Amino acid sequence: MNKLSKYLFFLLTICISGTACATEDRVSGIPQQNKWISNDQPVLTDLASMYGTYPAPLFRKEFAVDATRIRRATLYITAAGYYKATLNGRRIGDIYLDPAWTDFSKRIYFTEYDLTASLSNGANCLGVTLGNGFYNPLPLQMWGYLNLRNALPTGNPSFTARLVVEYNNGKTQEISTDKTWKFAPGPVLKNSVYLGEWYDARKEIPGWELPGFDDSAWKKACVLQSPGGKLQPRFFPPVKITAQFPSVKISLLSGDTYLADMGTNFAGIYKIRLKGNLGDTITLRFGERIYNDGSLNPMTAVCGQIKRKGSGGPGAPDIAWQTNTYVFGRDGDVWFSPEFTFHTFRYMEIKGLKYQPQLSDIQGLALNTAIEECNRFECSSDLLNSIQKITTRTFKSNLVSVQSDCPAREKFGYGGDINAVSESFISNFDMHGFYRKTIYDWADAINDSVFIDTAPYVGLKYCGISWESAFLFLQDQLYRYYGDEEIVREMYDFDLKWMEKVARLHPNLIVDKGLGDHESMIPVPVQVTGTSHYLQAAGVMKRFASLMNDRVNEKKFTELENNLREKMQEEFWNKSGGENEKMNKQTLFASLLYSGVIPENEKTAAIDSLIASVRKGENGHFTTGIFGTKYILEAMSQNGLTQDAFDVVNSSAFPGWGFMLSRGATTLWETWKESDNTYSNCHPMFGSVSEWFYRWLGGIRPDSSHPGFRKFILDPQTPTGLTYVKTLYKTPFGYIKSAWQKNDSGEISYEITVPGGTTALFKTVVKKGNEVEITCNSKKISVRESDYKDGCLYKELEAGDYLITKKSV
């Protein structure tokens with residue numbers, strides 16, 4: 001033990017004896033007044049200069065503990081930007097890209113790490129490296145005009161931390177961020193969530209993370225003002241490495257340039273083994289596609305469509321592709337992985353090698369918010385199983401602390417995509433905590449005057465109500481799927497004010513501004529989809545007002561819902577010709593049916609019109625966009641057309657999911673048409689098909705009048721072309737199982753589990769000559785004449801395991 005460590009240990013002994021240590025009860029978390037520290041880098045104002053070399057700072061703090069008497073040791077830490085923390089040279093935890101992206105001026109989430117078993121007796125050292133994240137983005141002018149620095153709170157990366165060591169005698173020791181920490185520049189010379197990292201191993205400082213290191217040449221940390229956001233404990237899953245993809249092929253492109261194929265498109269990072277000499281430079285580029293000659297095509301993942309000189313603003317690259325650079329600090333071989341960025345790629349171009357790398361040298365590392373993958377869908381169709389696989393992969397790739405529309409080009413939390421596929425996400429994963437966080441992101445972003453498109457807010461405000469309403473529909477889904485009444489009560493006053501804003505912006509009821517059915521193959525005006533969302537919002541608020549026992553507003557929103565329904569009926573159903581003849585009829589009729597606009601006595605005509613519009617589509621397929629696709633699948637199945645919907649989904653013809661797969665897609669495209677330049681190849685909005693798998697083929701649907709699946713619907717459809725379906729869905733009460741199988745004689749057997757504390761309403765079509773038998777936990781359940789209605793069997797099932805057979809007699 002060196003002299004400094006002996007002195008620190010002496011002070012520690014005095015502290016534990018009670019003469020120098022706090023005796024107050026343990027306080028968890030980080031106090032709002034905790035100090036934030038950074039380096040002494042001046043805040044830059046010149047845009048071009050921001051593309052220069054500004055090394056990610058390293059911070060260190062030595063301290064001593066008596067590890068033999070520790071009861072508990074907890075580190076609380078967060079940053080404006082990203083951080084990587086170490087203890088005695090070892091990474092703390094397995095979390096990446098922390099903290100989650102928020103409006104750092106309004107709320108910042110901190111993470112808690114248990115270091116009880118990790119502290120050494122005597123001297124220890126905490127190390128922290130800071131990355132820019134979304135707090136210090138480059139001034140890239142996306143699409144030639146959008147600079148994130150004009151909308152986001154920005155500044156030099158900083159962090160705040162607090163280590164609380166509790167001893168068996170009730171005393172505590174605290175190590176918090178202050179000016180006694182030391183800092184120095186590190187080897188990460190540049191880092192951007194869009195453009196990647198530049199790592200120069202010649203700048204590494206051996207041993208800096210270890211106790212006893214001589215940091216006398218390092219500077220004292222600078223104490224800064226807080227970014228302003230309220231510090232809150234993270235209550236949702238963090239970002240982690242959730243899958244690994246070994247490279248499947250490596251090709252020589254030319255000279256010192258190779259191409260690695262990971263076999264799968266995904267969002268994340270990689271680890272690569274490199275061999276070289278001091279000063280050798282390796283450049284890595286990434287893309288979702290390759291050109292016909294086998295070379296890398298990075299263009300679908302270029303940030304903000306910056307693809308020509310000058311379009312990205314002063315100092316920006318001519319083409320803002322994803323790239324990393326590694327410079328060797330010594331002769332030999334190393335493993336390299338970036339820390340403060342993430343890419344979307346299947347292919348990796350490696351330039352600067354003097355040898356051909358082996359497959360074992362490269363591994364893709366998927367990064368996403370580590371939501372619980374608790375639900376399962378499987379069926380007899382290999383095509384549907386493949387659609388489900390690429391859909392869930394796309395979903396996870398677009399969960400990096402926000403639900404994004406694409407994880408490369410933009411990375412933004414667009415509300416329209418959330419509205420389109422949030423129920424699909426919920427069908428597959430436990431989204432409760434993540435979507436609570438998303439609701440708060442929107443609450444922090446929304447203003448009183450205009451609709452915005454994303455949360456956190458990045459400066460986009462042209463898409464309208466169909467995007468901003470995501471925060472309201474998520475509340476409804478958390479209530480219906482998870483029984484989360486608290487979020488509704490917490491947000492109710494905010495929701496009321498928001499509905500007043502909608503009324504101000506759309507006083508004539510019909511929504512006339514914003515984006516319609518994005519990427520529909522035939523245009524759909526916002527008047528249809530936007531007003532449909534307004535109508536749905538009124539229905540949600542009617543239910544919320546009822547829950548809150550707010551009779552005045554319940555009546556108000558009931559009237560609004562009725563007025564909107566009548567207005568839509570008048571404008572888009574009763575009228576013929578004019579603009580209604582030019583729009584996508586599939587989206588039109590699906591929207592009207594989905595939103596309950598069509599009068600009951602006219603539904604048959606609307607259903608006939610819908611199926612006729614599908615048959616007129618190319619190859620009899622859907623031509624719908626972001627919202628119409630969700631609506632058409634649901635509307636068709638609600639109205640007895642599950643077979644027709646299945647025939648479209650279970651096809652490889654264009655346009656469709658099967659066509660994407662036939663073209664080699666491993667994630668969903670942004671458009672039905674294949675794009676090799678403009679549009680993302682990892683886009684979730686057509687993933688509403690996965691919700692349909694669970695809701696209609698599995699038949700599992702929540703009952704809105706009994707939130708949280710206290711009561712639910714089991715209505716599995718059995719279309720021709722499928723011989724079995726297996727579905728598992730996790731509710732707050734346990735797992736629902738809905739599985740069915742056909743045999744050669746046409747008999748269908750259903751295996752069903754209804755979890756304890758719940759009740760299911762089972763429904764199945766019963767044709768003439770069918771007989772239904774039900775057993776529960778091996779005991780026969782009687783089927784009465786009163787259980788049949790309108791050609792269907794309706795049977796209420798209490799908790800238990802059921803076998804139901806439907807056979808011809």
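**Exercise 1. Ser690: find which residues Ser690 touches, leaving out those up to four places away in sequence, and decide whether Ser690 is buried or exposed.**

*Solution.* Start with the contacts: leaving aside residues up to four places away in sequence, Ser690 touches Gln388, Thr391, Ser424 and Asn428. Keep in mind that you're working on a predicted model.

Next, place the residue. Ser690 sits in helix H15, which covers residues 688–697.

Now for burial. The cut-off for buried is under 20% relative accessible area. Ser690 has 0% relative accessibility, so it counts as buried.

Last, check a long-range pair. Ser690 and Lys389 are 301 residues apart along the chain, and their C-alpha atoms are separated by 9.5 Å.

**Exercise 2. Asn147 and Ser613: work out whether Asn147 and Ser613 are buried or exposed, and list what Asn147 and Ser613 touch.**

*Solution.* Take Asn147 to begin with. Its home is strand E10, residues 146–147. Its relative accessibility is 6%, so Asn147 counts as buried. Not counting residues up to four places away in sequence, Asn147 is in touch with Leu47, Leu138, Pro139 and Leu140. For a long-range check, pair Asn147 with Val458: they are 311 residues apart in sequence, yet C-alpha to C-alpha they are 8.4 Å apart in space.

Then do Ser613, which you'll find in helix H11 (residues 603–616). With a relative accessible area of 10%, Ser613 is buried. Its contacts, again without residues up to four places away in sequence, are Lys585, Gln586 and Phe589.

**Exercise 3. The nonpolar cores: say how many residues the largest nonpolar core has, and which helix gives the most to it.**

*Solution.* The largest nonpolar core has 179 residues. Inside this core, the residues with the most contacts are Leu140, Phe412, Met431, Trp498, Trp657 and Trp692. Helix H8, residues 526–547, gives the most to this core: 11 residues.

Another core lies apart from it; this one has 29 residues, including Phe59, Ile77, Phe183 and Ala221.

Zoom in on Trp657. Skipping residues up to four places away in sequence, Trp657 touches Ile387, Phe622, Thr629, Leu633, Val649, Leu668, Trp672, Phe686 and Val689.

As background, nonpolar side chains tend to be buried together in soluble globular proteins.

**Exercise 4. Two helix pairs: classify how H10 packs against H12 and how H4 lies relative to H7.**

*Solution.* You describe two packed helices by the angle between their axes and the distance between the axes.

Step one, H10 (residues 585–594) with H12 (residues 628–638): the angle is about 60°, and the axes are 8 Å apart. Therefore H10 and H12 are oblique to each other. Their crossing is left-handed. On the H10 side, the contact is made by Gln586, Thr587, Ala590, Ser591, Leu593 and Tyr594. H12 brings Gly628, Lys630, Tyr631, Ile632, Glu634, Ala635 and Gln638. Sorted by class, the residues of this contact of H10 with H12 are six nonpolar, five polar and two charged.

Step two, H4 (residues 432–445) with H7 (residues 485–505): these axes come within 12 Å and cross at roughly 10°. Angles under 35 degrees count as roughly parallel, so H4 is roughly parallel to H7. H4 puts in Arg436, Ile439, Tyr440 and Ala443, while H7 puts in Glu486, Ile487, Glu490, Met491 and Phe494. The class tally for the contact of H4 with H7 is six nonpolar, no polar and three charged residues.

Note on methods:
Residues numbered from 1 in each chain as written. Predicted model: local features only at pLDDT ≥ 70, side-chain atom pairs only at ≥ 80, totals over all residues. Heavy atoms only, no water. Core = buried A, V, L, I, M, F, W, Y, C linked by side-chain atoms within 4.5 Å. Buried < 20%, exposed > 50% of the residue type's maximum accessible area, 1.4 Å probe, protein only. Helix = DSSP H or I, 4+ residues; strand = E, 2+ residues; numbered from the N terminus. Contact = heavy atoms within 4.5 Å. Axes fitted to C-alpha atoms, helices over the stretch in contact; angles between N-to-C directions. Parallel < 35°, antiparallel > 145°, perpendicular 65-115°, else oblique. Left-handed = near helix turned anticlockwise from the far one by under 90°. Nonpolar A, V, L, I, M, F, W, Y, C, P; charged D, E, K, R; others polar.
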